[in-house]
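Student: I would like to learn how to read a protein model feature by feature. Could you take me through one, giving the idea before the case?

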Amino acid sequence: TNIMKKQIAKIAAVCMLVASVFGSVPNSESVSVNYKVDAAQSNFDLSTRLDMSELYGYADVTANGLESVTGGGNSTPVIVTTLSDLKKEASGNLPKVIVISGTIVCPDYAVDVGSNKTIVGIDDNAVLYGGFNIKNSSNVIVCNLNVQGTWPNSGPDDCFNIENSHHVWLNHLSVWNSTDGNIDIKAGSDYITVSWCKIWYTDDTVVNGKDVHGHRLSCLIGSGAGDHDATDMGKLHVTYHHNWFGNNLDQRMPRVMYGRAHIYNNYYTAKDNTYCVGADCYASVLIENNSFNDVNNPHQFHYDNEYPASIVARGNLYNNTSGTKDSGQKKENNKVSPFETTVYDYKLNNASDVSGVVSSYAGPKDLSDGSVVSAENKNSKNVKGVADTKKEINANATPLPEQTPVNSECDNPI
């Protein structure tokens with residue numbers, strides 16, 4: 001007993017040292033002699049934290065050898081409470097259901113996530129302080145979790161860095177305060193859905209008249225400006241739906257390059273921002289039934305350069321907005337194929353209902369009684385996907401056929 005007390009005292013001292021070095025690092029409940037708890041002992045029920053009926057969008061499209069995203073499937077959940085063992089469970093490609101309990105702090109490097117993983121918070125208070133690195137992986141679900149970036153301390157650049165990965169679903173998350181991007185999807189990633197997330201920054205700190213937190217650039221799809229054709233052209237199929245882009249976000253909600261992005265039923269309240277949705281460099285974007293409130297430049301083409309892009313905007317609500325609402329083709333003499341229909345079915349809320357629904361249900365939520373899903377589906381309409389012969393998707397398909405021009409006017413892939 002005395003030995004155990006000494007061990008606990010040493011661990012507590014280390015935690016105090018970490019807090020002193022990294023500033024306002026969250027209080028951590030991750031200090032535990034028994035880092036892993038058997039799910040049966042804890043009576044954890046995954047269905048209270050993950051409901052697959054909420055899955056819509058590109059993560060549910062059959063492609064690249066996967067029928068849909070399933071994560072760790074029916075694997076026995078393992079509850080983790082320390083960083084070292086979260087990293088251990090998240091590595092490799094074996095199917096795992098990983099349940100984060102308490103607050104886990106990763107102040108240096110993001111947690112690498114292998115294929116076939118479900119990572120979920122045990123309750124609405126579970127926190128990862130740092131970030132996830134989903135690179136060269138597939139079939140990953142992260143849901144019902146708080147992911148806090150390390151700003152203003154040093155740490156992982158992004159809360160989510162997704163590179164060269166496909167079939168990833170981020171759902172019912174709170175994501176805030178990255179040092180670079182809250183959610184960056186790039187380097188040939190494909191078939192991604194981001195849904196029911198609350199995304200923001202806590203401040204836009206100004207010191208002596210200078211904005212010292214100016215890099216509040218939230219969500220990126222693609223990277224570079226005309227120099228990533230080899231990795232990104234024909235990929236970056238991403239759906240953003242029912243997310244809340246909130247306080248102190250400045251740009252990239254999201255910004256799209258190369259990709260084909262469906263952005264629907266999102267709620268925008270990022271007052272004093274620069275712009276919300278940006279499109280450039282062969283991007284083709286469908287912006288549908290969103291609610292833009294007190295924001296600048298709801299959607300715009302980027303930069304006066306030679307790169308074409310397309311925006312289809314329909315059914316959106318603009319409440320006290322200012323600035324640009326670009327749509328159509330960025331370059332009339334150099335077009336890309338417009339994004340007018342999806343290859344998947346989805347449920348679409350009226351733009352007038354978005355503020356109430358998203359503000360009530362975005363972020364981590366207990367799904368045990370079905371009330372959240374019921375409210376999400378209230379007054380929504382079913383939209384059927386259209387898979388034509390040039391966009392047919394099957395288990396052996398690659399994304400390339402969807403990126404070819406659909407008519408003679410369009411000389412560029414999208």
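Tutor: We will go through strands, cores, aromatic rings, a helix and two single residues in turn, and please keep in mind that this is a predicted model.

Student: Let us begin with the sheet; in what order do the strands of the open sheet of 8 strands lie?

Tutor: To read a sheet, one follows the pairing from strand to strand. Here the order is S5-S8-S10-S12-S17-S20-S23-S26, and the pairing is parallel. At the edges stand strand S5 (111-112) and strand S26 (299-301), each of which pairs on one side only. If you look at S5 in detail, you find that it pairs with strand S8 (residues 132-135) in the parallel sense over 2 bridges, and that aspartate 112 has asparagine 133 in S8 as its bridge partner.

Student: Which strands pair with strand S21?

Tutor: Strand S18 (residues 237-241) pairs with S21 in the parallel sense over 5 bridges, and strand S24 (residues 284-288) also runs parallel to S21, joined to it by 5 bridges. Isoleucine 263 in S21 lets you see both pairings, since tyrosine 240 stands opposite it and isoleucine 287 in S24 is its bridge partner.

Student: How many of the residues of S21 are buried?

Tutor: In strand S21 (residues 260-264), 5 of its 5 residues are buried. Side chains can be sorted by the way they point: Arg260, His262 and Tyr264 point one way from S21, while Ala261 and Ile263 point the other way, and all are buried.

Student: Which residues touch the most other members of the largest nonpolar core?

Tutor: That core has 64 residues, and those that touch the most other members are Phe132, Phe160, Ile183 and Tyr240. Leaving aside neighbours within four places in sequence, phenylalanine 132 is in contact with a list of residues including Ile100, Val111, Ile119, Val142, Leu145 and Phe160. Apart from this core lies another one, of 14 residues, among them Tyr56, Val61, Phe339 and Tyr346.

Student: How is a pair of aromatic rings described?

Tutor: It is described by the distance of the centres and the angle of the planes. This structure holds 13 aromatic pairs. In one of them, the rings of tyrosine 58 and tyrosine 191 have centres 6.0 Å apart and planes at 70 degrees, so the pair is edge-to-face, given that planes over 60 degrees apart count as such. Tyrosine 58 lies in the loop between helix H2 (39-42) and strand S2 (78-80), and tyrosine 191 in strand S13 (residues 190-195), so the pair ties together parts that are 133 residues apart in sequence.

Student: Are these two tyrosines, 58 and 191, buried or exposed?

Tutor: Tyrosine 58 counts as buried because its relative accessibility is 0%, and tyrosine 191 is likewise buried, with a relative accessible area of 1%. Another edge-to-face pair is formed by tyrosine 344 and tyrosine 346, whose ring centres are 5.9 Å apart and whose planes stand at 65 degrees; both of these residues are buried. Together, Tyr58, Tyr191, Tyr264, Tyr344 and Tyr346 form one aromatic cluster.

Student: Where do charged ends sit over rings?

Tutor: The charged end of arginine 260 sits over the ring of phenylalanine 339, 4.1 Å from its centre, and the charged end of lysine 198 sits over the ring of tryptophan 200, 5.3 Å from its centre.

Student: Which residues of helix H3 are buried?

Tutor: In H3 (residues 83-90), the buried residues are Asp85, Leu86, Glu89 and Ala90. Seen down the helix axis, the buried residues of H3 fall within an arc of 135 degrees, so they line one face of the helix. After H3 comes glycine 92, whose phi is positive, near 75 degrees.

Student: What can be said of single residues such as proline 156 and histidine 166?

Tutor: For a single residue, one may ask where it lies, how covered it is and what it touches. Proline 156 is in the loop between strand S9 (138-148) and strand S10 (160-163) and is buried, with a relative accessible area of 7%. Not counting residues up to four places away in sequence, proline 156 touches several residues, including Cys106, Tyr109, Gly130 and Thr179. Histidine 166 lies in strand S11 (residues 166-176) and has a relative accessible area of 18%, which means that histidine 166 is buried, as the cut-off is under 20%. Beyond its neighbours within four places in sequence, the contacts of histidine 166 include Asn64, Ser137, Asp190 and Tyr191.

Terms used. Residues are numbered from 1 along each chain as its sequence is written. This is a predicted model: local features need pLDDT of at least 70, side-chain atom pairs count only at pLDDT 80 or more; totals for chains, interfaces and linings use all residues. Side-chain values use heavy atoms; hydrogens and water are left out. Buried means under 20% relative accessible area, exposed over 50%, partly exposed in between (1.4 Å probe, protein chains only). Helices (H or I, at least four residues) and strands (E, at least two) are DSSP runs, numbered from the N terminus. The arc is that of the directions from the helix axis to the C-beta atoms. Rings of Phe, Tyr and Trp (its six-membered ring) pair if their centres lie within 6.5 Å; planes under 30 degrees apart count as stacked, over 60 as edge-to-face and the rest as tilted. A charge sits over a ring if NZ of Lys or CZ of Arg is within 6 Å of the ring centre and within 35 degrees of the ring normal. Contact means heavy atoms within 4.5 Å. Two strands pair if DSSP finds at least two bridges between them. A nonpolar core is a set of buried Ala, Val, Leu, Ile, Met, Phe, Trp, Tyr and Cys residues joined through side-chain atoms within 4.5 Å.
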